[in-house]
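Here's a quick rundown of the charged pairs in this model. Have a look at the chain below, then read on for who pairs with whom and how exposed the partners are.

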Amino acid sequence: MPLPFLTADRAHDDDAAAGADPLGYEDQDRWRRPYRPGPWRVGGAALLLLLASYVLFSAMIIAMAGSLPAAGVCGAFGALMIVTAVRLVRSGVEVSPEGLRRIGLLRSTTVRWRDIAAIRTTQQPVRWLGLPRTVQGQAVLLQRVPGGASDTLFTSHDADFLGQAESFERAADAIEGWAATHH
């Protein structure tokens with residue numbers, strides 16, 4: 001099973017001077033994330049999966065003790081934790097020739113390129129790891145119609161880019177490049 005987010009570092013290091021695509025993908029027609037999941041996102045999902053393994057193990061012990069309804073509830077909670085961890089890693093921004101897709105924990109929204117007025121990077125107060133605390137940082141904003149309200153796609157202090165300013169700049173450039181190419 002190939003794991004493109006693990007092989008992306010090697011592809012980027014080998015072909016950095018050649019100007020190759022940072023993720024090494026050749027198929028431009030698929031939905032793809034123009035950046036790798038950040039360490040905070042992957043670490044949070046790993047901790048959630050670790051906790052899910054304990055919950056599923058306890059469900060097995062409860063089932064062996066003879067309480068099948070309680071084991072079913074515990075097993076369902078463990079399965080919900082696994083689905084949440086997978087969705088947590090999958091959340092972010094994806095692009096394709098069709099448009100831009102923002103995947104959240106509970107819902108996803110897709111915007112066609114022709115419906116996008118502008119994508120820009122701006123300096124503004126942003127949430128630190130999605131918590132209520134705000135710090136000064138950068139955000140990539142999506143403006144759907146001229147003069148309309150802007151939606152934040154991602155920030156320099158979210159789970160993918162906290163402490164990785166260079167990765168944020170590459171991702172912002174990639175998103176803006178896709179918008180310029182397909183707009």
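R41 has a relative accessibility of 11%, so this arginine counts as buried. Keep in mind that the model is a predicted one. Scanning the whole structure turns up four salt bridges, and R41 sits in one of them, paired with D160.

**The buried pair**
- In the bridge between D160 and R41, the closest N and O atoms are 2.8 Å apart.
- This pair ties together distant parts of the chain, with the two positions 119 residues apart.
- R41 belongs to helix α2 (residues 39-65), while D160 lies in the loop between β6 (150-155) and α4 (165-182).
- D160 is buried too, because its relative accessible area is just 2% and the cut-off for buried is under 20%.

**R112 and D115**
- R112 and D115 make another salt bridge, and here the closest N and O atoms are 3.0 Å apart.
- D115 comes out at 32% relative accessibility, so it's partly exposed.
- R112 is at 42% relative accessibility, which means it also counts as partly exposed.

**R144 and D151**
- R144 bridges to D151, with 3.4 Å between the closest N and O atoms.
- R144 has a relative accessible area of 36%, which puts this arginine in the partly exposed class.
- D151, at 32% relative accessibility, is partly exposed as well.

**Background on pairing**
- Oppositely charged side chains can pair up when their charged atoms come close.

Methods
Residues are numbered from 1 along each chain as its sequence is written. This is a predicted model: local features need pLDDT of at least 70, side-chain atom pairs count only at pLDDT 80 or more; totals for chains, interfaces and linings use all residues. Side-chain values use heavy atoms; hydrogens and water are left out. A salt bridge is a side-chain nitrogen of Lys or Arg within 4 Å of a carboxyl oxygen of Asp or Glu. Helices (H or I, at least four residues) and strands (E, at least two) are DSSP runs, numbered from the N terminus. Buried means under 20% relative accessible area, exposed over 50%, partly exposed in between (1.4 Å probe, protein chains only).
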